[in-house]
Amino acid sequence: MARERSGRTARHLVLVARLRHLREGAGLSVPQVATQLGWHPSTLRRLEQAQTSLDVGQVSALLDLYGAGAAETDDIMGRLNAANMPGWWHPWRDAMAPWLMDLMSVESAASVVRTWHPALVPLLLRTPAYAMAVDEVMFPERDAAERQRRADFLVERQKRLQEQQTRLWAVLPVTALRCRVGDDEVMREQVRMLQQTSERGDVTMQLHPEYAPPHPLTGIPALSLYRVEIREIADHVVREGGLPGTAEVWDSPHPVQTYQGMLDVSCVMAIRPARTREVLQDEYDRKWA
């Protein structure tokens, strides 16, 4: 029985990648495997895309057909239960857009998350109050309970990233700190939180000064790049900026490398990280001291 929809996990992605590599190593196409096993081709496609749980009988049949060795067979079969377990985010699926549910497997395995926002504090650096205030404007149809739920999920994401020692590298224009989100207390708390976060060793924060020349991310919507050290899981890029609640997600080399290059140049052109605290203090003193 397929598990309740909660998005793929990193363990699941690793196993289906191994199964796909075994098929390719055996010189078999998806239709060929489906014909030999009496399956519909979509059954194998869904399995290889981690769209369904890993059934013991199906996986065993695939390993036999691919001629997997005893050690590899035992290893893969021994990992099935863990791969079929839902991710920690399973109870939070009501607070996520569908695209985010599938991305959580990548975030849970990321060693580095790089993020850019052209006008606001990037999501993973927001306080709950700031996040709820943004939600109130972007999604006016949501009630207070929904906004609180989404903010609680954001706090849990931030906590998990810190626990798994994921490095967060954010770049944003200094004018994003002046975009009024919520009331004075919301803004004051957000800037204070950024000051505290900038002191952490696992966070790098860079700001583009006002009146600075254009850089590669000028005009680009909110962007996140997920770097994963697990070879079976590709790096991902997420670009928001379309209809609210939607995003484009890529894991192919060209867009990932292109956006990584744009981030690299933008960071070179931004204020050095060593000066971030000073700039944040100036912004705080200018308005909130």
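Which residue caps the N-terminal end of α10? In this predicted model, the cap is Asp183, whose side-chain oxygen lies 3.1 Å from the backbone nitrogen of Glu185.

Helix α10 itself covers residues 184–197, and its 14 residues reach 20 Å from the first C-alpha to the last, which is close to the 20 Å expected at 1.5 Å a residue. Several of its residues are buried, among them Val186, Met187, Gln190, Val191 and Leu194. An α-helix has 3.6 residues a turn, so residues three or four places apart point the same way. The buried residues of α10 pack against three other helices and one strand, namely α8, α9, α12 and β3, and the residue ranges of the helices are set out here.

| Helix packed against by buried residues of α10 | Residues |
|---|---|
| α8 | 128–138 |
| α9 | 144–163 |
| α12 | 276–287 |

Strand β3, which takes part in this packing, also belongs to an open sheet of 6 strands, arranged in the order β3-β2-β1-β4-β5-β6 with mixed pairing. Because β3 (203–208) and β6 stand at the edges and each has a single partner strand, one side of each is left without a neighbour in the sheet. On average, and with direction ignored, neighbouring strands of this sheet are turned by 10° against each other.

At the β6 edge of the sheet, strand β5 (residues 236–240) runs antiparallel to β6 (residues 247–250), and 4 bridges join the two. Within this pair, Arg239 has Glu248 in β6 as its bridge partner. The hairpin of β5 and β6 has 6 residues between the strands, and in this hairpin Gly241 takes a positive phi near 120°.

Notes
Residues numbered from 1 in each chain as written. Predicted model: local features only at pLDDT ≥ 70, side-chain atom pairs only at ≥ 80, totals over all residues. Heavy atoms only, no water. Pairing = 2+ DSSP bridges. Axes fitted to C-alpha atoms, helices over the stretch in contact; angles between N-to-C directions. Expected span 1.5 Å × (residues − 1). Buried < 20%, exposed > 50% of the residue type's maximum accessible area, 1.4 Å probe, protein only. Contact = heavy atoms within 4.5 Å. Polar contact = N/O pair within 3.5 Å; in protein donor to acceptor, adjacent residues only side chain to side chain.
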